Amino acid sequence: MNNLTHLNAQGEANMVDVSAKPASVRVATAQGFVTMSAKTLELISTGKHAKGDVFAVARIAGIQAAKKCSDLIPLCHPLMLSKVQVDFEVLATSNQVKITSMCKLSGQTGVEMEALTAVSVAALTLFDMCKAVDPSMVISDIKVLEKQGGKTGHWTA
C-alpha cells in the first residue's frame, strides 16, 4: 500500500513539498450527477426557471471553485490553472444532469482536487438554484474520471 503523503513521520498533517518535482502538463477530468424531478429538469433545460440561466451560473461557480480549491481544502497547493471547463449534459431518461469538469496546468502537482471541487460546487449551485421547486434533488457519484501528467502518467477510472 502507498504511504499517505499528507502525513509526516509522526502521523501529523503535512503539506507535501513539491519543489523538487519537475513541472509537467497535468490534466484531470471529474464528473458528478444531480438527479431531480422531470419538471425541474425541464425548467432548467428550457431556460424557463424563474432564477434565469441555471447552467450559466453553475458553470461560473464551478470555475470559480476550482480556482479557490486551496482555500477550501487545507493541504492543497495554490495552483495557477491554465484551463477550467465545466460542462452539463441533460439526461432526460434518468432525470439527471451530468456535470463534467476538466482542469489543466503546467506545474509540479496534479489537479484532481480542482476538478472534483469544480463538479461539487457546480452541483451545489444547481441544487441551490432549484431547491425551492425541488428540495428532494440528489447529488451523487462525484469522482475522478481521468488524470494525465506527473510521475504516475495517464490514469483512467
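Let's call a residue buried when its relative accessible area is under 20%, exposed when over 50%, and partly exposed in between (1.4 Å probe, protein chains only). The model is predicted, so local features need pLDDT of at least 70 and side-chain atom pairs pLDDT 80 or more, while totals for chains, interfaces and linings use all residues. Residues count from 1 along each chain as its sequence is written, and side-chain values use heavy atoms, with hydrogens and water left out.

**Exercise 1. Work out the order of the helices and strands along the protein chain.**

Step 1: helices (H or I, at least four residues) and strands (E, at least two) are DSSP runs, numbered from the N terminus.
Step 2: the tally is 4 helices and 5 strands.
Step 3: reading from the N terminus gives β-α-α-α-β-β-α-β-β.

**Exercise 2. Check the length of helix H4 and list its buried residues.**

Step 1: the expected span is 1.5 Å times one less than the number of residues.
Step 2: H4 (residues 112-130) has 19 residues, so it should span 27 Å, and its end C-alpha atoms are indeed 27 Å apart.
Step 3: the buried set is Glu114, Ala115, Leu116, Thr117, Ala118, Val119, Ala122, Ala123, Thr125, Leu126, Met129 and Cys130.

**Exercise 3. Describe how strands S2 and S3 pair.**

Step 1: two strands pair if DSSP finds at least two bridges between them.
Step 2: S2 (residues 83-91) and S3 (residues 96-107) have 9 bridges, in the antiparallel sense.
Step 3: pick Val90, and its bridge partner in S3 turns out to be Val97.
Step 4: the hairpin has 4 residues between the strands, and Asn95 takes a positive phi near 55 degrees.

**Exercise 4. Find what Ser70 touches, and how far its C-alpha atom is from that of Glu114.**

Step 1: Ser70 sits in helix H3 (residues 69-72).
Step 2: take contact as heavy atoms within 4.5 Å.
Step 3: leaving out residues up to four places away in sequence, Ser70 touches Cys76, His77 and Pro78.
Step 4: Glu114 is 44 residues along the chain from Ser70, with 8.5 Å between their C-alpha atoms.

**Exercise 5. Is Ile142 buried or partly exposed?**

Step 1: locate Ile142 in strand S4 (residues 138-148).
Step 2: its relative accessible area is 33%, so Ile142 is partly exposed.

**Exercise 6. Put numbers on the whole protein chain.**

Step 1: along the principal axes, the C-alpha atoms fill a box of roughly 50 × 30 × 25 Å.
Step 2: of the 157 residues, 36% are buried.
Step 3: among contacts between residues at least 6 apart in sequence, 70% join residues at least 24 apart.
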